[in-house]
Number of protein chains: 2
Amino acid sequence: MISNKAKYAFRALLAIASAPEGLALTSAEIARTHSIPHKFLEQILLDLKKAGILDSRRGKSGGYVMLRPADTISFGEVLRLFEGPLAPLPCLSRNAYRRCEDCVSEAACEIRREFGRAYDASRLVLDSRTIADALRNSPYGAEPGHEVRRAG
Amino acid sequence: MISNKAKYAFRALLAIASAPEGLALTSAEIARTHSIPHKFLEQILLDLKKAGILDSRRGKSGGYVMLRPADTISFGEVLRLFEGPLAPLPCLSRNAYRRCEDCVSEAACEIRREFGRAYDASRLVLDSRTIADALRNSPYGAEPGHEVRRAG
DNA sequence: TAAATACCGACTAAATCACTAGGGAAAGCG
DNA sequence: CGCTTTCCCTAGTGATTTAGTCGGTATTTA
């Protein structure tokens, strides 16, 4: 199970990415429309900003906008931001490799091998699917403002 | 990351499954040879017994043996035993379905859809690969005693 | 009967989760 | 300037989970 924090981050990102280009959404607005505790959401948006995913403006008519285009932001990247390494074993993480204590041989470890298969499978999805993809296939959702103009 | 508990469970299971048929391994033995805290391992083996995966004998020359054959025990089953539902979202779990609070529409939820893809991919691996599979493909490991006799 | 083993319940210290509290800093408006 | 609105930052807190430990009981076998 992913954390609420990560889930909130995705909700917020999807909202910001699907807003008309240039229009900043405030944390209060997003919190209200998506039932996310406001102060908690502020922290999350801050993290997304520090990660270089969002940009922000202060003061009246301030808020958050996308910094990078939505089609360059994968689910895996965001998930790692809030959950840490996604690998089921430390010895399978590329970013945060750590040898298992008491591991005799990684090459011979059946557990590593089997979980490696599972991890490969899910990583392939998580690291290739982007926020833009998710919005594009959405049955009701708009396409992201950064990619395609809405008809109107 | 999976818990130590689950990792210990896999180590112990693989050890018991690869022991000669009928030979019971004691918790102390497994703990020693695999660097697992003994009392902690006892709890884990108990859980595996309660789940109908292992059987046990008490007293001198007691220990643990497989109850079900190793090729009927998937990694997913064992993992669920110790980690609870594997689904990344409660609304994606078949066994332990729970609606997300504040979910307007599951069909329209982009997060659910994308994580559904990732979960499908890893579930396919985890629920199909068995303890026997893991031992069979092991470069150094023996084949499980329950399946095939060792040459000798 | 003694030793070895599985079985059982309670406890604990540390970490993580899901927030809340209480501000400060900057931008814009009048 | 001062006021409001927003983002920004740090600390704290109660509940839960993790990773065990501790101290024993029950059962089997030699």
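**Two chains, two DNA strands**

Tutor: In this predicted model, chain A can be laid on chain B with an RMSD of 0.1 Å, by a turn of 180° and a shift of 0.0 Å along the axis. The fit is by least squares on the C-alpha atoms of residues with pLDDT of at least 70 in both copies.

Student: What makes the two copies related as by a two-fold rotation axis?

Tutor: Two copies of a chain are related by a rotation about an axis and a shift along it. Here the turn is 180° and the shift 0.0 Å, so the two copies are related as by a two-fold rotation axis. The same surface serves both, too: 100% of the contact residues of chain A recur in chain B.

Student: How many residues does each chain put into that contact?

Tutor: 33 from chain A and 33 from chain B, where contact means C-beta atoms, placed from the backbone, within 7 Å. On the chain A side, α5(A) gives the most, with 11 residues. That side divides into 21 nonpolar, 4 polar and 8 charged residues. Ala, Val, Leu, Ile, Met, Phe, Trp, Tyr, Cys and Pro count as nonpolar, Asp, Glu, Lys and Arg as charged, and the others, Gly among them, as polar.

Student: Why is α1(B) called roughly perpendicular to α3(B)?

Tutor: Their axes come within 10 Å and cross at roughly 70°. Axes are lines fitted to C-alpha atoms, for helices over the stretch in contact, with angles from 0 to 180 degrees between N-to-C directions. Angles of 65 to 115 degrees count as roughly perpendicular, so α1(B) is roughly perpendicular to α3(B). Helices here are DSSP runs (H or I, at least four residues).

Student: Which residues meet there?

Tutor: B:Lys5, B:Tyr8, B:Ala9, B:Ala12 and B:Leu13 in α1(B) meet B:Leu41, B:Ile44, B:Leu45 and B:Leu48 in α3(B). By class, that's 8 nonpolar, no polar and 1 charged.

Student: What makes a residue count as near a DNA strand?

Tutor: Its C-beta atom, placed from the backbone, has to lie within 6 Å of the strand. On that basis 22 residues surround DNA strand C, the closest being A:Ser3, A:Pro37, A:Gly59, B:Thr26 and B:Ser56. The largest share, 3 residues, comes from α3(B). For DNA strand D there are 23, with A:Thr26, A:Ser56, B:Ser3, B:Pro37 and B:Gly59 the closest, and α3(A) supplies the largest share, 3 residues.

Student: How should I read the labels and the confidence limits?

Tutor: Residues are numbered from 1 along each chain as its sequence is written, while chains are lettered from A and ligands numbered from 1 in the order in which they are written. Local features need pLDDT of at least 70 and side-chain atom pairs count only at pLDDT 80 or more, but totals for chains, interfaces and linings use all residues.

Conventions. Helices (H or I, at least four residues) and strands (E, at least two) are DSSP runs, numbered from the N terminus. Two residues are in contact if their C-beta atoms, placed from the backbone, lie within 7 Å. Angles under 35 degrees count as roughly parallel, over 145 as roughly antiparallel, 65 to 115 as roughly perpendicular and the rest as oblique.
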